[in-house]
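I opened my notebook to look around one chain, step by step. Come along and check each entry against the picture.

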Amino acid sequence: MKRIILVLVVTLLSMATGIAVEKWHKSEDGSLFYIDTEAKYNWHGAWNECARKNMSLIAIDSRYKHLQIDTLIKKLFAACPSFWIAGHDNAIDLRYEWATSGEIFSFTNWGPGQPDRLNNNEHCILIWQNTWQWYDLPCGHKLGFICEENRYIKEKAKELEILKKECQKDDDVGKSKNIALFINSKPTFEYLKSSN
Ligand SMILES: [Ca+2]
């Protein structure tokens, strides 16, 4: 009996693993995103979830970025779920900014009639289900979210990569110098040998 239960548990576990929804995705240019479709996070909770992964809620602050994520989610989902993104109005009338950088919106993809700050209570921005466009909603609504790689960590990683390559070059030059030193010092060894 115990054996049957064990087999059943293992089977159920493997089934659960099999149907797990993949949340890590790469856009066409190789950028990494974490996309959670479960409607159970408020805007601040979504931030926390991204931070846990050393990531940020996505800031769609250029047409390039819009096309990057729009292409990806349209490829992944037949109908768009609702996702929190990093935009908010900081409770200041019509001053929308990206919480990641504090930059005011220069590119927008508002849905019809948005943002409307309904009842003066809609301060956080999302990509709205089915329309693939931006809407404002109360920050406490429970939605999914999209995380992107932390832009500052990404920039630092690039700088580190360049530095590593430069160090590698220096190291190669250093090796050549050491070889040259070794070759130049050979007569000394020969001299020492002959003097013994
Ligand atoms: Ca609204």
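**Entry 1: a pair of strands.** I began with β6 and strand β7 (residues 134–137), and found that they pair in the antiparallel sense over four bridges. Before going further, I noted that this is a predicted model. Next I looked at how the two strands are linked: β6 and β7 form a hairpin, with six residues between them. In the turn I picked out Asn130, which has a positive phi of about 75°.

**Entry 2: the other partner of β6.** I then looked up strand β4 (residues 83–88) and saw that β4 and β6 run antiparallel, joined by three bridges. I followed Leu126 to both of its partners. Trp84 stands opposite Leu126 of β6, and in β7 the bridge partner of Leu126 is Tyr135.

**Entry 3: side chains of β6.** Which way do the residues of strand β6 (residues 124–127) point? I found Cys124 and Leu126 pointing one way, with Ile125 and Ile127 pointing the other way. I also checked burial, and all of these residues are buried. My textbook reminder for this entry: in a regular strand, side chains alternate between the two faces of the sheet.

**Entry 4: a lysine in a helix.** I moved on to Lys154, which I located in helix α4 (residues 151–195). Is Lys154 buried, exposed or partly exposed? I found 15 C-beta neighbours inside 10 Å, so Lys154 counts as partly exposed; a buried residue would need 20 or more, and an exposed one would have 12 or fewer. I also looked up its distance to Met55: the two C-alpha atoms are separated by 9.9 Å, although Lys154 and Met55 are 99 residues apart along the chain.

**Entry 5: the whole chain.** I stepped back and listed four helices and eight strands. Reading along the sequence, I wrote down the pattern α-β-β-α-β-α-β-β-β-β-β-α. Of the 196 residues, 20% are buried. I also looked at contacts between residues at least 6 apart in sequence, and 65% of them join residues at least 24 apart.

**Entry 6: how far to trust it.** I looked up the confidence last. The chain averages a pLDDT of 84, and 78% of the residues score at least 70. Over residues 6–18 the pLDDT is below 50, and that stretch has zero contacts in the model beyond near neighbours in sequence. For residues 185–196 the pLDDT is also below 50, again with zero contacts beyond near neighbours in sequence. A note to myself: where pLDDT is low, the predicted coordinates should not be read in detail.

Conventions:
Residues numbered from 1 in each chain as written. Predicted model: local features only at pLDDT ≥ 70, side-chain atom pairs only at ≥ 80, totals over all residues. Contact = placed C-beta atoms within 7 Å. Pairing = 2+ DSSP bridges. pLDDT = per-residue confidence, 0-100.
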